Amino acid sequence: MSDSTNPLVAVLLGGPSAEREVSLSSGRECAGALRAAGYRVAEIDAGRDLPADLARISPQAVFNALHGRWGEDGTVQGLLEWLGFPYTHSGVLSSALAMDKTRTKTVYAEAGLPVVESRIVSAEAVRAGHVIDPPYVVKPNNEGSSVGVYLVRETGDAPPRLGPEMPQMVMVERFAPGRELTTTVLGAGVGGGQTRALTVTDIVTEGWYDYDAKYKPGGSRHVVPADIPAPVFEACLDYAVRAHDALGCRGMSRTDYRWDPARGVDGLVLLETNTQPGMTPTSLSPEQAAQCGIDFPTLCRWLVEDASCGR
């Protein structure tokens, strides 16, 4: 992003995806932080008039605070490339790759990173019977924030009654037992000019880490840094950077794990990499940054300073 006095940053928020409400919260938090960091800020609820809205205000950079389809799957990134506005976070290809859980797993495996068995099947087949032996998880292949996630625990359980919001084809994934861990990575050009992992958070919940557990106050407890064995902690940091690099991420990403304590490092598997981590008051990446001495306005400023086209 070119230097200027009090540059104007457009914060994209909202949008039409299933994660609209989360994006509205993230975007408002980021807009406030950027104002505190000295920027002029225009908040844009991304809709069909987005190209005209951007052309009207002509920002020096675009802060992408969208979540879910169209916002983090390469779609809006392609639009911003076409319009020539520097933007934050990952580019077209890495965003599309990371949003597709099956292709993400293929990239992980080629990079030597551990994953669990999964397959893409029709929602009709899932409703009709167990397509793999329980326990397993059913989820959309291209949504985040635990939107539309179903857990089948026992062989005797009935097949999941998938709701009408589920797509025609879904991912069925072998359930990985253990704890929820996550690590944020700041990419090249952010936080000192080199890619680095911040820390590891252990996400403690009463049950499944679902949408409410992620975003409702008190829905989960975050232990940061995670109180886990040093080899597992170091593996989380290493795997997150390798996932970030293998997918071609930029700016900031967050990689999520399941870890079975009974198996040590061998019990650690990657679930997904988020190219647009949540930036709400209960979100994990800002909390990890704060643990590492990076306050929220500084984090947002670094992301804007890293903004570019051709990502």
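Author: Let's start with a word we'll need: a residue is buried if its relative accessible area is under 20%, exposed if over 50%, and partly exposed in between (1.4 Å probe, protein chains only). You're looking at a predicted model, in which local features need pLDDT of at least 70, side-chain atom pairs count only at pLDDT 80 or more, and totals for chains, interfaces and linings use all residues. Residues are numbered from 1 along each chain as its sequence is written, and side-chain values use heavy atoms, with hydrogens and water left out.

Reader: What makes strand β11 count as mostly covered?

Author: Strand β11 covers residues 252–259, and eight of its eight residues are buried. M252, R254, D256 and R258 point one way, while S253, T255, Y257 and W259 point the other way, and all of them are buried. That back-and-forth fits a general pattern: in a regular strand the side chains alternate between the two faces of the sheet.

Reader: What makes something a helix or a strand here?

Author: They're DSSP runs, numbered from the N terminus: H or I with at least four residues for a helix, E with at least two for a strand. The protein has 10 helices and 12 strands.

Reader: How do you know which strands pair with β11?

Author: Two strands pair if DSSP finds at least two bridges between them. Strand β8 (residues 179–186) is joined to β11 by eight bridges, and the two run antiparallel. Here L181 has Y257 in β11 as its bridge partner. Strand β12 (residues 268–274) shares six bridges with β11, again antiparallel, with L268 in β12 as the bridge partner of W259. Set against the cut-off of at least two, β8 and β12 therefore both count as partners of β11.

Reader: Why is H89 called buried?

Author: H89 has a relative accessible area of 2%, so it's buried. You'll find H89 in the loop between α3 (75–83) and α4 (92–99).

Reader: What is odd about the phi of H89?

Author: Phi of H89 is near 70°, a positive value in a residue other than glycine. Most residues other than glycine have a negative phi, and most peptide bonds are trans. S58 has a positive phi too, near 45°. S58 sits in the loop between α2 (50–57) and β3 (61–64), and its 42% relative accessibility makes it partly exposed.

Reader: Which peptide bonds are cis?

Author: One cis peptide bond joins P134 and P135, with omega about 5°. P135 is in the loop between α6 (123–128) and β5 (136–139). Another joins V224 and P225, with omega about 0°, and P225 is in the loop between β10 (221–223) and α8 (230–247).

Reader: What does L113 touch, and is it buried or exposed?

Author: L113 has 4% relative accessibility, so it counts as buried. Contact means heavy atoms within 4.5 Å. Not counting residues up to four places away in sequence, L113 touches Y108, Y239, R242, A243 and L270. L113 lies in the loop between α5 (101–110) and β4 (118–122). L113 and V269 are 156 residues apart in sequence, with their C-alpha atoms 7.8 Å apart in space.

Reader: Why is S25 called partly exposed?

Author: S25 has 25% relative accessibility, so it counts as partly exposed. S25 lies in helix α1 (residues 20–36). Leaving aside neighbours within four places in sequence, S25 is in contact with M279, T280 and P281. From S25 to Q168 it's 143 residues in sequence and 29 Å in space, C-alpha to C-alpha.

Reader: And why is A52 called partly exposed?

Author: A52, in helix α2, comes out at 48% relative accessibility, so it counts as partly exposed.

Reader: How do you know whether the whole protein agrees with a compact globule?

Author: We use the radius of gyration, taken over C-alpha atoms, with a globule rule of 2.2 Å times the number of residues to the power 0.38. For 311 residues, a compact globule would be near 19 Å, and the protein has 19 Å, so the two agree. The C-alpha trace spans about 65 × 45 × 40 Å along its principal axes. Of the 311 residues, 54% count as buried. As for contacts with a separation of 6 or more, 70% come from residues 24 or more positions apart.
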